[in-house]
Amino acid sequence: KKELLSKNYSSGLSYSIISTKLLHNQNYYESLYFANKAKAIFLSENNYKRVIYINFCILNNLSFTLDFEEYNKLAHEQYHTIKSFNENSTEVNMAIKHLVVSLLALSKYKEVIHLLNNKEEVTITEMFALIIAKYYYDNKNFHKWYQKEMEDLISDDDYSKLLSDLLKYLKNPEKKNLLKL
């Protein structure tokens, strides 16, 4: 690792590969260092497609370093940048995932609801995020909404157990309930 840190590379791709390997090895701060070096090179080359991909690496790192303000800021930038290029891309969905997680971490539940409420197709992760946001934002009306909107999912055995475990955790946020999820 010391050898990686002391060496200079001429290619943004080299920094990007090192950053990804460090992320997989859970060396988040070192990975951020190399990802930012790669990003600077990609920006100097006007290679915005690579900037988008290295930003996902940076977002992953930020989520693990618990720097949620910076995570949220970059997730917003990433979402709006990608959306300006291609509204229905896989990258948009990846950006939404990061944006939603960062918003939840900052207790910005209304923004999560606004982002996900009218989305035609949602992943199970997005559905969980919407449930969490609705639970904390409007607990008074949550159960009525939940019964109405989750009817189809509740009848599906696979989702029913997951939803039940999520509700147990929301009502009683103990580690044992979190581990069930």
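Helices here are DSSP runs (H or I) of at least four residues, numbered from the N terminus. The structure is a predicted model. By that definition the protein chain has twelve helices and zero strands, and from the N terminus on its elements run α-α-α-α-α-α-α-α-α-α-α-α. The protein chain has 181 residues, of which 40% count as buried.

**Surface patch**

L43 is found in helix α3, which covers residues 28–44. Together with Y48 and F85, L43 forms a nonpolar patch on the surface. The accessible area of L43, Y48 and F85 together is about 320 Å². L43 itself has a relative accessible area of 39% and is therefore partly exposed, since that class lies between the buried limit of 20% and the exposed limit of 50%.

**Salt bridges**

The count of salt bridges comes to two. The table gives the two residues of each pair and the distance between their N and O atoms.

| Lys | Glu | N to O distance |
|---|---|---|
| K49 | E91 | 4.0 Å |
| K119 | E126 | 2.7 Å |

The salt bridge between K49 and E91 links distant parts of the chain, 42 residues apart. K49 lies in helix α4 (residues 48–65), and E91 lies in helix α6 (residues 90–105). The two ends of this bridge fall into separate accessibility classes: K49 has a relative accessible area of 49% and is partly exposed, whereas E91 is buried at 15%. The value for K49 falls in the partly exposed class because exposed means over 50%.

In the other pair, the side chains of E126 and K119 meet in a salt bridge. E126 has a relative accessible area of 6%, so this residue is buried. K119 is partly exposed, with a relative accessible area of 23%.

**Helices α7 and α8**

Helix α7 spans residues 109–116 and helix α8 spans residues 124–137. Their axes come within 8 Å and cross at roughly 135°. Why are α7 and α8 described as oblique to each other? The crossing angle of roughly 135° is outside the ranges for the other classes, because roughly antiparallel requires over 145 degrees and roughly perpendicular runs from 65 to 115. α7 and α8 are therefore oblique to each other. The crossing in which α7 passes α8 is left-handed.

K110 is found in helix α7. The C-alpha atoms of K110 and K134 are 8.0 Å apart in space, while the two residues are 24 residues apart in sequence. K110 has a relative accessible area of 54% and so counts as exposed.

**Residues with positive phi**

Most residues other than glycine have a negative phi. Which residue in the loop between α2 and α3 has a positive phi? Q26, which is not a glycine, has a positive phi of about 65°. The place of Q26 is in the loop between α2 (12–24) and α3. With a relative accessible area of 56%, Q26 is exposed.

L66 is also not a glycine and has a positive phi of about 65°. L66 is found in the loop between α4 and α5 (68–85). Is L66 buried or exposed? At 57% relative accessibility, L66 counts as exposed, because the limit for that class is over 50%.

Definitions and conventions. Residues are numbered from 1 along each chain as its sequence is written. This is a predicted model: local features need pLDDT of at least 70, side-chain atom pairs count only at pLDDT 80 or more; totals for chains, interfaces and linings use all residues. Side-chain values use heavy atoms; hydrogens and water are left out. Patches are made of residues with over 30% relative accessible area and no salt bridge: like charges are joined within 9 Å, nonpolar side chains (Val, Leu, Ile, Met, Phe, Trp, Tyr) within 5 Å. Accessible areas come from the Shrake-Rupley method with a 1.4 Å probe; for residues, only the protein chains shown count as cover. Helices (H or I, at least four residues) and strands (E, at least two) are DSSP runs, numbered from the N terminus. Buried means under 20% relative accessible area, exposed over 50%, partly exposed in between (1.4 Å probe, protein chains only). Axes are lines fitted to C-alpha atoms, for helices over the stretch in contact, and angles run from 0 to 180 degrees between N-to-C directions. Angles under 35 degrees count as roughly parallel, over 145 as roughly antiparallel, 65 to 115 as roughly perpendicular and the rest as oblique. A crossing is left-handed if the near helix is turned anticlockwise from the far one by less than a right angle, and right-handed if clockwise.
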